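Biologist: I would like to learn how to read a structure like this one. Please take me through it feature by feature.

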Amino acid sequence: MAVNLVNVEAVSKVYGTRALLDGVSLGVSEGDRIGVVGRNGDGKTTLIRMIAKLEDADTGRVTHSGGLRIGVLTQHDSLDPAATVRHEVIGDLADHEWAGSAKIRDVLTGLFGGLDLPGFPQGLDTVIGPLSGGERRRIALAKLLIAEQDLIVLDEPTNHLDVEGIAWLARHLQERRSALVCVTHDRWFLDQVCTRMWDVQRGSVHEYEGGYSDYVFARAERERIAATEEVKRQNLMRKELAWLRRGAPARTSKPRYRIEAANELIADVPPPRDTSELMKFANARLGRTVFDLEDVTVTAGPKVLLKHLTWQLGPGDRIGLVGVNGAGKTSLLRALADAATTRGEEQPAGGRIVVGKTVRLAYLSQDVAELPATLRVLEAVQQVRDRVDLGKGREMTAGQLCEQFGFTKEKQWTPVGDLSGGERRRLQLLRLLMDEPNVLFLDEPTNDLDIETLTQLEDLLDGWPGSMVVISHDRFFIERTTDKTFALLGDATLRMLPRGIDEYLERRRRMIETAAPVPAAAASAPVREKSAGDSRAAKKELQKIERQLDKVSEKEAALHARIAENATDFEQVAKLDAELRELAAQREDLETRWLELAEDA
């Protein structure tokens, strides 16, 4: 029988005139992996702070088992600004001690991309004070994960992590024995890591078995049974249910929803998007040209981020853009936005961007635009437009769209100055959509948005006819709203990934394992007709390359085995690692050539 670690008994907490938690009783046992969800401001963070005894309850009590070792990641770290990363994360361990620990190596590589902390000015000896909030948060998370705990409590652990870092963290937590309580809006992460869910709503906490997918079905079924009117049935996240049932099954091993009830609930729900219909409408609004890039070079100061890029964003294209931090995702969007603003007069450092004559661009940047603090929410939206045409005969008033974005009739009269960061983000996006754009650039649109608001935004974007590029570390959001995935891997090229984010993670994992950058791919070339002779020659060379790749794989496996045998001999490991880098470069060259030849064959 699992040992009980934490007991929460009849706990209540009131802020001002609002009861965040009202008589809540819960328990956390050994082996529990609990995800905490709910609207922003409903008490998720307050609940886990009380579980960790960082905050006292007004009534009721929280008890810990004797000798409980608990690790907590809050939204504000307590790192010493005068200390170095080494001091905070590794402590007094000598180099040979921490370098010999597989756990420490895994954490440093997973969160920072390497044992030497690439990206930090002095590596492990970097002083913490001048670092950004995101860098400090990763340091706090590394410090927590290197320690041993019975219970880990995490508040938004995926913030400031990229897609790759989030995938690593999910794997790491799956392999740990510690119990886990985690607040996050990342639905993919919840599905990977959690086997129970707590839904914080209006002072109560509802418990569900399984991960996020199971929770969606169970909650919808619960509300379906309780619903007495069809109008309420329409608000049961039915589109997201349809998406989950038509896509991959729930990833957790203990689904508890009733499949028959779920299928009945979504039987009359159409696919999330009618892609062909949206493409027709997008063509009508945009014409043939949206953005055409010809041999484009994008720079940030002296650094070349993209070079010789020939690419086209067409009418109705829905693109997800992923990549390592600093590879140029935001810079690429800015270059396109600048060209759109000046109608092609402002061009990038090299090459040419052609902008369609009918393009009306809306760009949601990572910076929240400042609005007068005294302006009411509804007034801020009506400043742009009173009504918006959503296409296919659908029209909404400013007030109706406000409600769809979680601003109730009462909240619409709240001054902008009183809104939280997440609410301002929602308002910023709402104002952009009210301007009836036909091209959307969304740079980290999910920041500070709770799950209910995300599902509402996804539902709105399902029927939005136009071209769209989304940069996001939220894998669920990208897979849900876009049709194609492109990646910037830090090699100054843009690559299409037919298998989406799974392919991106595989490529990045291979790069990290070999500690070698991917070489730049050849510039895109005009398509030409292939002759039968071309095809035969390509097939012959493909077979040759495949044999060479097999040999490279055998050599890499042998080198990995030798590195493992000589793990404590740093000089020998460095020599073997250099050989591994050379093999990795050979492999990438061969794979690049294989992809080029595959078209000819």
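Modeller: Start with helix H4 (residues 102-112), whose buried residues are Ile104, Val107, Leu108, Gly110, Leu111 and Phe112. Buried means under 20% relative accessible area, exposed means over 50%, and partly exposed is in between, with a 1.4 Å probe and protein chains only. Helices (H or I, at least four residues) and strands (E, at least two) are DSSP runs, numbered from the N terminus.

Biologist: Before we go on, what kind of model is this, and how are residues numbered?

Modeller: This is a predicted model: local features need pLDDT of at least 70, side-chain atom pairs count only at pLDDT 80 or more, and totals for chains, interfaces and linings use all residues. Residues are numbered from 1 along each chain as its sequence is written, and side-chain values use heavy atoms, with hydrogens and water left out.

Biologist: What covers the buried residues of H4?

Modeller: The cover includes helix H2 (85-89), helix H3 (95-99), helix H5 (133-146) and helix H6 (163-175). After H4 comes glycine 113, with a positive phi near 85°.

Biologist: Which residues is leucine 145 in contact with?

Modeller: Contact means heavy atoms within 4.5 Å. Leucine 145 sits in helix H5. Set aside its neighbours within four places in sequence, and its contacts include Val107 and Leu111. Both of those are among the buried residues of H4. Trp168, Leu169, His172 and Leu173 are also among the contacts of leucine 145. Leucine 145 counts as buried because its relative accessibility is 0%. Leucine 169 is 24 residues from leucine 145 in sequence, yet their C-alpha atoms are 9.7 Å apart in space.

Biologist: Is threonine 158 buried or exposed?

Modeller: Threonine 158 counts as buried because its relative accessibility is 8%. Its place is the loop between strand S6 (151-155) and H6. Beyond its neighbours within four places in sequence, threonine 158 touches Ile166, Thr184, Asp186 and Phe189.

Biologist: And where does glycine 326 lie?

Modeller: Glycine 326 is in the loop between strand S12 (318-323) and helix H13 (329-341). At 48% relative accessible area, glycine 326 is partly exposed. Outside its neighbours within four places in sequence, glycine 326 is in contact with Lys303 and Leu305. Its C-alpha is 9.5 Å from that of alanine 300, across 26 residues of sequence.

Biologist: How many salt bridges are there in the whole structure?

Modeller: First the general idea. Side chains of opposite charge can pair when their charged atoms come close. A salt bridge here is a side-chain nitrogen of Lys or Arg within 4 Å of a carboxyl oxygen of Asp or Glu. A search of the whole structure gives 30 of them. In one of these, aspartate 199 pairs with arginine 219, with the closest N and O atoms 3.5 Å apart. Aspartate 199 is in strand S8 (residues 196-201) and arginine 219 in helix H8 (residues 212-226), so the pair links distant parts of the chain, 20 residues apart.

Biologist: Are those two partners buried or exposed?

Modeller: Aspartate 199 is buried, with a relative accessible area of 1%. Arginine 219 counts as buried too, at 8%. Both belong to a salt-bridge network with Arg39, Asp450 and Glu452.

Biologist: Which parts does the salt bridge of aspartate 435 and arginine 385 tie together?

Modeller: Their side chains meet at 3.7 Å, N to O. Aspartate 435 lies in the loop between helix H16 (421-434) and strand S17 (439-443), and arginine 385 in the loop between helix H14 (377-382) and strand S15 (387-391), so the pair ties together parts that are 50 residues apart in sequence. Aspartate 435 is partly exposed at 37% relative accessibility. Arginine 385 is partly exposed at 28%.

Biologist: Where do arginine 507 and glutamate 503 lie?

Modeller: Both are in helix H19 (residues 500-514), four residues apart, about one turn of the helix. They form a salt bridge, with closest N and O atoms 3.6 Å apart. Both residues are buried.

Biologist: And the protein overall: how many helices and strands are there?

Modeller: The protein has 21 helices and 20 strands. Of its 601 residues, 50% are buried.
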